[in-house]
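Trainee: I keep getting lost when I look at the whole chain at once. Could you pick one part and take me through it closely, piece by piece?

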Amino acid sequence: MRIFIRPLDVQFYRDGRPFDAGIESAGSSSLLPHPRTIYGALRACILARHSCWGGWPSDQAVKKVVGQSPFKFGSLAIKGPVLGRLRRDLETFYPIPKDLVKLKDQDEIIQLAPKESEHALNKISNLKYQLFPTTAEHHVEEIEEKERYFIDHYNLYQYLSGRPPQRERN
(Lines give C-alpha, C1' and ligand atoms only; values in the text may rest on other atoms or scores of the structure.)
Protein backbone atom coordinates (compact mmCIF):
# COMPACT_ATOMS: atom_id res chain seq x y z
CA MET A 1 0.00 0.00 0.00
CA ARG A 2 1.20 3.50 -0.77
CA ILE A 3 0.23 6.44 1.41
CA PHE A 4 0.60 10.00 0.21
CA ILE A 5 0.99 12.53 3.02
CA ARG A 6 0.39 16.12 1.97
CA PRO A 7 1.56 18.73 4.50
CA LEU A 8 -0.83 21.52 5.37
CA ASP A 9 1.97 23.96 6.13
CA VAL A 10 5.73 24.32 5.77
CA GLN A 11 7.54 21.35 7.31
CA PHE A 12 10.97 21.35 8.97
CA TYR A 13 12.84 18.20 9.97
CA ARG A 14 16.11 17.94 11.82
CA ASP A 15 18.24 15.35 13.57
CA GLY A 16 17.72 14.37 17.21
CA ARG A 17 20.50 16.41 18.79
CA PRO A 18 19.47 18.59 21.76
CA PHE A 19 18.51 22.11 20.84
CA ASP A 20 18.43 24.05 24.12
CA ALA A 21 19.17 27.66 24.90
CA GLY A 22 22.59 28.18 26.40
CA ILE A 23 24.05 24.98 24.97
CA GLU A 24 26.42 25.42 22.08
CA SER A 25 24.98 23.11 19.44
CA ALA A 26 23.34 23.25 16.08
CA GLY A 27 20.81 20.90 14.59
CA SER A 28 21.14 19.84 10.98
CA SER A 29 18.03 19.77 8.85
CA SER A 30 16.89 17.08 6.47
CA LEU A 31 14.49 17.14 3.56
CA LEU A 32 12.25 14.30 4.78
CA PRO A 33 11.30 13.07 8.24
CA HIS A 34 13.09 10.07 9.70
CA PRO A 35 11.33 6.74 8.94
CA ARG A 36 10.76 6.15 12.65
CA THR A 37 8.81 9.43 12.83
CA ILE A 38 6.51 8.32 10.01
CA TYR A 39 6.15 4.88 11.63
CA GLY A 40 5.09 6.49 14.92
CA ALA A 41 2.60 8.79 13.20
CA LEU A 42 0.98 5.90 11.27
CA ARG A 43 0.84 3.73 14.39
CA ALA A 44 -0.75 6.61 16.34
CA CYS A 45 -3.39 7.10 13.60
CA ILE A 46 -4.32 3.41 13.67
CA LEU A 47 -4.48 3.38 17.47
CA ALA A 48 -6.57 6.57 17.60
CA ARG A 49 -9.08 5.05 15.21
CA HIS A 50 -9.34 1.64 16.89
CA SER A 51 -8.97 2.25 20.61
CA CYS A 52 -10.29 4.30 23.47
CA TRP A 53 -7.99 7.06 24.67
CA GLY A 54 -5.84 5.70 27.47
CA GLY A 55 -6.29 2.01 26.60
CA TRP A 56 -4.82 -0.48 24.18
CA PRO A 57 -7.16 -1.94 21.52
CA SER A 58 -8.72 -5.32 22.22
CA ASP A 59 -9.24 -6.21 18.54
CA GLN A 60 -6.70 -8.92 17.66
CA ALA A 61 -6.44 -7.78 14.02
CA VAL A 62 -5.40 -4.29 15.15
CA LYS A 63 -2.99 -5.75 17.73
CA LYS A 64 -1.39 -7.83 14.98
CA VAL A 65 -0.61 -4.63 13.03
CA VAL A 66 0.38 -2.22 15.82
CA GLY A 67 1.65 -4.70 18.42
CA GLN A 68 0.47 -6.28 21.64
CA SER A 69 1.61 -3.30 23.75
CA PRO A 70 3.28 0.10 23.37
CA PHE A 71 6.68 -1.62 23.61
CA LYS A 72 6.07 -4.60 21.29
CA PHE A 73 5.68 -3.70 17.65
CA GLY A 74 3.43 -5.63 15.29
CA SER A 75 3.58 -6.29 11.57
CA LEU A 76 3.37 -2.63 10.51
CA ALA A 77 6.43 -1.83 8.39
CA ILE A 78 7.31 1.10 6.17
CA LYS A 79 9.67 1.72 3.29
CA GLY A 80 10.47 5.34 2.91
CA PRO A 81 9.54 8.07 3.14
CA VAL A 82 10.24 9.23 -0.38
CA LEU A 83 9.59 12.58 -1.95
CA GLY A 84 6.59 12.65 -4.25
CA ARG A 85 3.82 14.66 -5.81
CA LEU A 86 0.28 13.75 -6.67
CA ARG A 87 -0.87 14.58 -10.16
CA ARG A 88 -2.87 12.00 -12.09
CA ASP A 89 -0.87 9.31 -10.29
CA LEU A 90 1.61 9.35 -7.46
CA GLU A 91 4.96 10.49 -8.85
CA THR A 92 8.05 9.67 -6.77
CA PHE A 93 11.38 11.51 -6.86
CA TYR A 94 14.92 10.33 -6.10
CA PRO A 95 18.22 12.17 -5.62
CA ILE A 96 19.81 12.90 -8.99
CA PRO A 97 22.63 10.45 -9.87
CA LYS A 98 26.13 11.82 -9.22
CA ASP A 99 27.21 11.49 -12.86
CA LEU A 100 24.54 13.96 -14.00
CA VAL A 101 26.20 17.35 -13.62
CA LYS A 102 25.74 20.92 -14.81
CA LEU A 103 28.29 22.76 -16.90
CA LYS A 104 29.25 26.00 -15.16
CA ASP A 105 27.58 29.12 -16.53
CA GLN A 106 25.20 27.00 -18.64
CA ASP A 107 21.73 25.59 -18.01
CA GLU A 108 22.47 22.24 -19.60
CA ILE A 109 22.77 19.09 -17.47
CA ILE A 110 25.05 16.45 -18.95
CA GLN A 111 25.96 12.90 -18.07
CA LEU A 112 29.63 12.30 -17.41
CA ALA A 113 31.06 9.34 -19.26
CA PRO A 114 34.59 7.99 -19.07
CA LYS A 115 36.71 8.25 -22.19
CA GLU A 116 38.02 4.93 -23.53
CA SER A 117 41.75 4.50 -24.01
CA GLU A 118 43.70 1.70 -25.66
CA HIS A 119 46.39 1.79 -23.01
CA ALA A 120 44.25 2.36 -19.92
CA LEU A 121 45.47 -0.66 -17.99
CA ASN A 122 49.04 -0.63 -19.24
CA LYS A 123 49.75 2.37 -17.03
CA ILE A 124 48.48 0.82 -13.79
CA SER A 125 48.41 -2.95 -14.20
CA ASN A 126 49.73 -5.96 -16.09
CA LEU A 127 46.20 -7.19 -16.86
CA LYS A 128 45.55 -7.73 -20.55
CA TYR A 129 41.88 -6.74 -20.39
CA GLN A 130 40.69 -3.19 -20.78
CA LEU A 131 38.42 -2.82 -17.78
CA PHE A 132 39.05 0.71 -16.59
CA PRO A 133 38.53 3.79 -18.74
CA THR A 134 40.90 6.64 -17.99
CA THR A 135 39.61 10.21 -18.25
CA ALA A 136 36.34 12.10 -18.47
CA GLU A 137 35.53 14.43 -21.35
CA HIS A 138 35.20 17.53 -19.13
CA HIS A 139 37.63 18.92 -16.59
CA VAL A 140 36.52 19.11 -12.96
CA GLU A 141 36.67 22.91 -13.05
CA GLU A 142 34.03 23.03 -15.83
CA ILE A 143 31.30 21.16 -13.96
CA GLU A 144 29.28 21.62 -10.80
CA GLU A 145 27.48 18.89 -8.91
CA LYS A 146 23.74 19.24 -8.57
CA GLU A 147 22.91 18.63 -4.93
CA ARG A 148 19.34 18.80 -3.71
CA TYR A 149 18.09 18.09 -7.23
CA PHE A 150 15.76 15.21 -7.89
CA ILE A 151 14.75 12.99 -10.77
CA ASP A 152 11.31 11.43 -11.16
CA HIS A 153 10.69 7.70 -11.41
CA TYR A 154 10.13 7.73 -15.19
CA ASN A 155 13.36 9.60 -15.96
CA LEU A 156 15.33 7.49 -13.46
CA TYR A 157 14.12 4.41 -15.33
CA GLN A 158 15.22 6.01 -18.62
CA TYR A 159 18.60 6.85 -17.09
CA LEU A 160 19.13 3.32 -15.74
CA SER A 161 18.12 1.88 -19.12
CA GLY A 162 20.89 3.86 -20.84
CA ARG A 163 18.64 6.52 -22.34
CA PRO A 164 19.22 10.15 -21.32
CA PRO A 165 16.68 11.68 -18.95
CA GLN A 166 14.25 14.03 -20.69
CA ARG A 167 12.92 17.37 -19.58
CA GLU A 168 9.85 17.41 -17.35
CA ARG A 169 6.82 15.56 -18.64
CA ASN A 170 3.29 17.01 -18.38
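**A hairpin, a small sheet and a helix**

Mentor: Sure, let's start with a hairpin: S5 and S6 are joined by 5 residues, and Asp105, in the turn, has a positive phi of about 65°. Those labels come from DSSP runs, counted from the N terminus: a helix is H or I over at least four residues, a strand is E over at least two. Before we go on, this is a predicted model, in which local features need pLDDT of at least 70 and side-chain atom pairs count only at pLDDT 80 or more, while totals for chains, interfaces and linings use all residues. Residues are numbered from 1 along each chain as its sequence is written, and side-chain values use heavy atoms, with hydrogens and water left out.

Back to our hairpin. S5 and S6 are antiparallel and share 3 bridges; two strands count as paired if DSSP finds at least two bridges between them. One of these links puts Lys102 across from Ile109 in S6.

Now walk over to another hairpin, where 3 residues link S3 to S4. S3 covers residues 83–86 and S4 covers 90–95; the two are antiparallel, with 4 bridges between them. Look for Gly84, whose bridge partner in S4 is Thr92. On its other flank, S4 is joined to S10 by 3 bridges, again antiparallel. Put together, that's an open sheet of 3 strands in the order S3-S4-S10, paired antiparallel. S3 and S10 (150–152) are the edge strands: each has a single partner, so one side of each has no neighbour in the sheet. Going from one strand to the next, the twist averages 30° (axes are lines fitted to C-alpha atoms, for helices over the stretch in contact, and angles between N-to-C directions run from 0 to 180 degrees).

Thr92 deserves a stop, since we've already met this residue in S4. Thr92 has a relative accessible area of 6%, which means that it is buried; buried is under 20%, exposed is over 50%, and partly exposed is in between, using a 1.4 Å probe and protein chains only. What does Thr92 touch, leaving aside its neighbours within four places in sequence? Its contacts are Arg2, Val82, Leu83, Gly84, Ile151, Asp152 and His153, where contact means heavy atoms within 4.5 Å. Its side chain also makes a polar contact of 3.1 Å with that of Tyr94. A polar contact is a pair of N or O atoms within 3.5 Å; within protein, one must be able to donate a hydrogen and the other to accept it, and residues adjacent in sequence count only if both are side-chain atoms.

Val82, from that contact list, lies in the loop between H2 and S3. Its relative accessible area is 46%, which means that it is partly exposed. In that loop you'll also find Pro81, and the peptide bond from Gly80 to Pro81 is cis, with omega near 10°.

Next, follow Tyr94 over to S10, where it stands opposite Ile151. Helix H3 (residues 153–160) packs on this sheet, touching S4 and S10, and its direction makes about 90° with that of S10. Which residues of H3 are buried? They are Asn155, Leu156, Gln158 and Tyr159. Viewed down the axis of H3, they fall within an arc of 160°, so they line one face of the helix (the arc is taken from the directions from the helix axis to the C-beta atoms). Tyr157 and Leu160, on the other side of H3, are exposed.

Here's where our opening hairpin comes back: the buried residues of H3 pack against S5 (100–103) and S6 (109–111), as well as S4 and S10. Take Leu156: apart from neighbours within four places in sequence, it contacts Tyr94, Pro97 and Ile151. Leu156 also belongs to the largest nonpolar core, 5 residues that include Ile96, Leu100, Ile151 and Tyr159. Such a core is a set of buried Ala, Val, Leu, Ile, Met, Phe, Trp, Tyr and Cys residues joined through side-chain atoms within 4.5 Å. In soluble globular proteins, nonpolar side chains tend to be buried together. Just past H3, Gly162 has a positive phi of about 90°.
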